[in-house]
Amino acid sequence: MAQTQYKRVLLKLSGEAMAGDKKTGINDDVVRDITAKIKEVADLGVEVALVVGGGNFWRGRSSEKMDRVTADHMGMLATLMNALALSDALEQHGAVTRVMSAVDVRQMAEPYIRKRAVRHLEKGRIVIFACGTGNPYFSTDTGAALRATEIGADVFMKATMVDGVYDKDPKVYPDAVKYDRISHDEVLSKNLKVMDATAAALCRDNNTKILVFSMEDPDNIVKIAKGENLGTIVG
């Protein structure tokens with residue numbers, strides 16, 4: 001078995017990553033590529049938990065005329081659809097998965113129970129957490145930060161479309177400077193938009209390490225697991 005940098009990780013994927021160039025819905029080829037790399041990490045002996053957003057189906061905060069609670073509930077269902085799609089793709093690669101939901105949908109997913117989730121991980125199953133925290137007004141980043149802390153993940157891996165944390169948007173400013181390492185407090189004080197402030201503060205208060213990296217190459221997941229220094233460490 002190859003030597004790995006982490007024993008247990010939580011990987012946060014955006015809903016947009018599931019869509020690829022289609023921008024909306026699910027791109028089967030993209031999901032197949034991503035899940036093949038996740039399975040490869042699990043085969044290294046790393047315990048893998050996943051959280052996925054729902055932006056490829058629904059963005060509740062952009063629904064100005066809809067009640068916010070209703071919009072957020074719809075967003076939770078979007079994350080459940082993506083979680084089920086990830087589960088199916090992973091199992092086609094030969095993985096054993098469990099989808100655990102913060103909202104009671106027992107016909108489709110197990111209810112989230114922390115000790116049960118940890119036991120699944122210990123048995124080598126890939127656990128996919130759906131429906132955020134189960135509460136409106138909280139993002140999937142906050143849900144991911146909460147789950148990473150609850151399961152004692154060595155690192156919260158946040159996959160993005162840029163290769164780390166910059167002092168300003170590198171897609172807008174060519175002179176943007178990338179950080180190799182930065183503290184939680186700096187992320188919050190400089191308002192660096194790594195994730196929402198609630199998620200960042202939760203990680204800071206519980207000393208949860210965050211690794212922000214690019215998902216444009218799905219193989220980065222494997223490289224990080226094997227110890228390559230990619231992206232930006234927050235913590």
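User: Why is Thr35 of helix α2 called buried?

Analyst: This is a predicted model, and the answer rests on a value computed from it. Thr35 has a relative accessible area of 0%. The term buried applies under 20%, so Thr35, at 0%, counts as buried. Thr35 belongs to helix α2.

User: Which residues does Thr35 touch, if its neighbours within four places in sequence are left aside?

Analyst: Thr35 is in contact with Leu86, Ala89, Leu90 and His93. A contact requires heavy atoms within 4.5 Å.

User: What makes the pairing of α2 with α3 a packing of helices, and which values describe it?

Analyst: Two packed helices are described by the angle between their axes and the distance between the axes. Helix α2 spans residues 28–43 and helix α3 spans residues 68–92. Their angle is about 65 degrees, and their axes lie 9 Å apart. The crossing of α2 past α3 is right-handed. On the α2 side, the contact is made by Val31, Thr35, Ile38 and Lys39. The α3 side contributes Ala85, Leu86, Ala89 and Leu90.

User: How many of these contact residues are nonpolar, polar and charged?

Analyst: The contact of α2 with α3 has 6 nonpolar residues, 1 polar residue and 1 charged residue. Lysine is classed as charged, so Lys39 of the contact belongs to the charged class. Threonine falls among the polar residues, and Thr35 of the contact is therefore polar.

User: Why is Ser87 called buried although its relative accessibility is 11%?

Analyst: The cut-off for buried is under 20%. Ser87 stands at 11%, so it counts as buried. Ser87 is placed in helix α3. Apart from neighbours within four places in sequence, Ser87 is in contact with Thr97, Val99 and Ile128.

User: What makes Arg204 partly exposed rather than buried or exposed?

Analyst: Arg204 has a relative accessible area of 34%. Buried means under 20% and exposed means over 50%. The value of 34% lies in between, so Arg204 is partly exposed. Arg204 is found in helix α7.

User: How do you know that the side chain of Arg204 makes polar contacts, and with which side chains?

Analyst: A polar contact needs a pair of N or O atoms within 3.5 Å. The side chain of Arg204 pairs with that of Asp185 at 3.3 Å and with that of Asp205 at 3.0 Å. Both distances fall within the 3.5 Å cut-off, so these pairs meet its distance condition. Not counting residues up to four places away in sequence, Arg204 touches His184, Asp185 and Leu188. Arg204 and Leu188 are 16 residues apart in sequence, and their C-alpha atoms are 9.6 Å apart.

User: Why is Asp104 called exposed?

Analyst: Asp104 has a relative accessible area of 53%. Exposed requires over 50%, so Asp104 qualifies. Asp104 is placed in the loop between β3 and β4. Its side chain makes a polar contact of 3.0 Å with the side chain of Arg106.

User: Why is Lys193 called exposed, and where is it found?

Analyst: Lys193 has a relative accessibility of 66%. This value is over 50%, so Lys193 counts as exposed. Lys193 is found in the loop between α6 and α7. That loop is also the place of Asn191, which has a positive phi of about 50 degrees although it is not a glycine.

User: How many disulfides does the structure hold, and why are Cys131 and Cys203 called buried?

Analyst: The structure holds 0 disulfides. A disulfide would need a pair of cysteine sulfur atoms within 2.5 Å, so no pair of cysteines here meets that condition. Cys131 has 1% relative accessibility, under the 20% cut-off, and therefore counts as buried. Cys203, at 0%, counts as buried for the same reason.

User: Which residues of helix α5 are buried, and what do they pack against?

Analyst: In helix α5 (residues 140–150), the buried residues include Asp141, Gly143 and Arg147. The buried residues of α5 pack against β1, β2, β5, β6 and α7. At the start of α5, a side-chain oxygen of Ser139 comes to within 3.3 Å of the backbone nitrogen of Asp141. Just after α5, Gly152 has a positive phi of about 70 degrees.

Conventions: Residues are numbered from 1 along each chain as its sequence is written. This is a predicted model: local features need pLDDT of at least 70, side-chain atom pairs count only at pLDDT 80 or more; totals for chains, interfaces and linings use all residues. Side-chain values use heavy atoms; hydrogens and water are left out. Axes are lines fitted to C-alpha atoms, for helices over the stretch in contact, and angles run from 0 to 180 degrees between N-to-C directions. Helices (H or I, at least four residues) and strands (E, at least two) are DSSP runs, numbered from the N terminus. A crossing is left-handed if the near helix is turned anticlockwise from the far one by less than a right angle, and right-handed if clockwise. Buried means under 20% relative accessible area, exposed over 50%, partly exposed in between (1.4 Å probe, protein chains only). A polar contact is a pair of N or O atoms within 3.5 Å; within protein, one must be able to donate a hydrogen and the other to accept it, and residues adjacent in sequence count only if both atoms are side-chain atoms.
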